[in-house]
Amino acid sequence: MSQLITDNPIALQALLSETLFLPKEKEEAMVSSVGNVEDDASGKEVEEFIYQGDKSTGVLFILRYPDFPYFSPQAEDAFLKTLSALNLSFENVAVVNLANPHNPNDFKRIMQFFQPTKITLLGVEPISLKLPEIAHNSYMKGRVATVFNTFSFEEMFADVQKKRLFWNEFKVFIGT
């Protein structure tokens, strides 16, 4: 059997929607990275969200990259460097891409599934999630979680001032 390697989001979506038969240890490792598995009315398993990382930490990044499973390669590099500077990693935060047609674009369901305490919207307009307007690089405190709204990494690459404003506010947000 040969390996299939792709970064095409459409191909990945098709592959992730197929039933895979894996050795038990690989299957257990994949379940945590795919998300919650529930039964629908027919008894068939349905994943609630497809995401990366660990949702148990309460730190959630919401993004919308239609051309990539999560980030563009440059944005992923910047994201990892940002996390590293704050002693975080992909393993201790959760990242969900709302451009994935499998992921509900519903803030209430996001809150129920991830149960976050800190949410960062990376280039996702709050109004698209039926949230009140939140200025860029500022946050809104709710009863359960605080939502930090900022630009996408691509917007920050194009404007150093946006990057500086993000960094100054984000390190305070994560540190609290």
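# Briefing: a fold of helices and strands

Leaving out neighbours up to four places away in sequence, alanine 78 is in contact with Phe153 and Phe157. That alanine is a handy way into this predicted model, whose protein chain has six helices and eight strands. Below, we look at the chain as a whole, then at its cores, a strand, a helix and a few loop residues.

**The chain as a whole**

- Going along the sequence, you meet the helices and strands in the order α-α-β-β-β-β-α-β-α-β-β-β-α-α.
- There are 176 residues in the protein chain, and 36% of them are buried.
- Take the contacts between residues at least 6 apart in sequence: 64% of these join residues at least 24 apart.
- The chain's accessible surface is about 10,800 Å², and carbon and sulfur atoms account for 54% of that.

**Back to alanine 78**

- Alanine 78 sits in helix 3.
- Its relative accessible area is 15%, and buried means under 20%, so alanine 78 counts as buried.
- Alanine 78 and methionine 156 are 78 residues apart in sequence, yet their C-alpha atoms are 10.0 Å apart in space.

**Two nonpolar cores**

- As background, nonpolar side chains in soluble globular proteins tend to be buried together.
- Here, the largest nonpolar core has 24 residues, and the members that touch the most others are Phe61, Phe71, Phe79, Val93, Val95, Leu122 and Phe153.
- Strand 4, helix 3, helix 5 and helix 6 each give two or more residues to this core.
- A second core, separate from that one, has 20 residues, including Tyr51, Val96, Phe107 and Val147.
- Zoom in on phenylalanine 71: setting aside residues up to four places away in sequence, it touches Leu63, Tyr65, Glu76, Phe79, Phe90, Val95, Leu122 and Phe153.

**Strand 8, covered on both sides**

- In a regular strand, side chains alternate between the two faces of the sheet.
- In strand 8, Thr146, Phe148 and Thr150 are on one side, Val147 and Asn149 are on the other, and all of them are buried.
- With five of its five residues buried, strand 8 is therefore largely enclosed by the rest of the structure.
- Strand 8 pairs with strand 6 in the parallel sense, over five bridges.
- One of the residues to look for here is leucine 121, whose bridge partner in strand 8 is asparagine 149.
- Strand 8 also pairs with strand 7, this time in the antiparallel sense and over four bridges.
- Asparagine 149 turns up again here, as the strand 8 bridge partner of serine 138.
- Strands 7 and 8 form a hairpin, with four residues between them.

**Helix 6**

- Helix 6 covers residues 160-175, and its 16 residues reach 23 Å from first C-alpha to last, close to the 22 Å expected at 1.5 Å a residue.
- At its N-terminal end, aspartate 159 acts as a cap, with a side-chain oxygen 2.9 Å from the backbone nitrogen of glutamine 161.
- Phe166, Phe170, Phe173 and Ile174 are buried in this helix.
- The cover over the buried residues of helix 6 includes strand 4 (59-63), helix 3 (73-85), strand 6 (118-122), strand 7 (138-141), strand 8 (146-150) and helix 5 (153-158).

**Buried polar residues in loops**

- Serine 72 is in the loop between strand 4 and helix 3, and at 4% relative accessibility it counts as buried.
- The side chain of serine 72 makes a polar contact with the side chain of glutamate 154, at 2.5 Å.
- Not counting residues up to four places away in sequence, serine 72 touches Tyr65 and Glu154.
- Asparagine 103 is in the loop between strand 5 (94-97) and helix 4 (107-114), and its 5% relative accessibility makes it buried.
- Beyond its neighbours within four places in sequence, asparagine 103 is in contact with Phe49, Ile50, Val96, Asn97 and Leu98.

**Two asparagines with positive phi**

- Asparagine 87 has a phi near 60°, a positive value in a residue other than glycine.
- You'll find asparagine 87 in the loop between helix 3 and strand 5, where it counts as exposed at 70% relative accessibility.
- Asparagine 137 also has a positive phi near 60°, and lies in the loop between strand 6 and strand 7.
- Asparagine 137 is buried, with a relative accessible area of 11%.

Terms used: Residues are numbered from 1 along each chain as its sequence is written. This is a predicted model: local features need pLDDT of at least 70, side-chain atom pairs count only at pLDDT 80 or more; totals for chains, interfaces and linings use all residues. Side-chain values use heavy atoms; hydrogens and water are left out. The expected span of a helix is 1.5 Å times one less than its number of residues. Buried means under 20% relative accessible area, exposed over 50%, partly exposed in between (1.4 Å probe, protein chains only). Contact means heavy atoms within 4.5 Å. A polar contact is a pair of N or O atoms within 3.5 Å; within protein, one must be able to donate a hydrogen and the other to accept it, and residues adjacent in sequence count only if both atoms are side-chain atoms. Accessible areas come from the Shrake-Rupley method with a 1.4 Å probe; for residues, only the protein chains shown count as cover. A nonpolar core is a set of buried Ala, Val, Leu, Ile, Met, Phe, Trp, Tyr and Cys residues joined through side-chain atoms within 4.5 Å. Two strands pair if DSSP finds at least two bridges between them.
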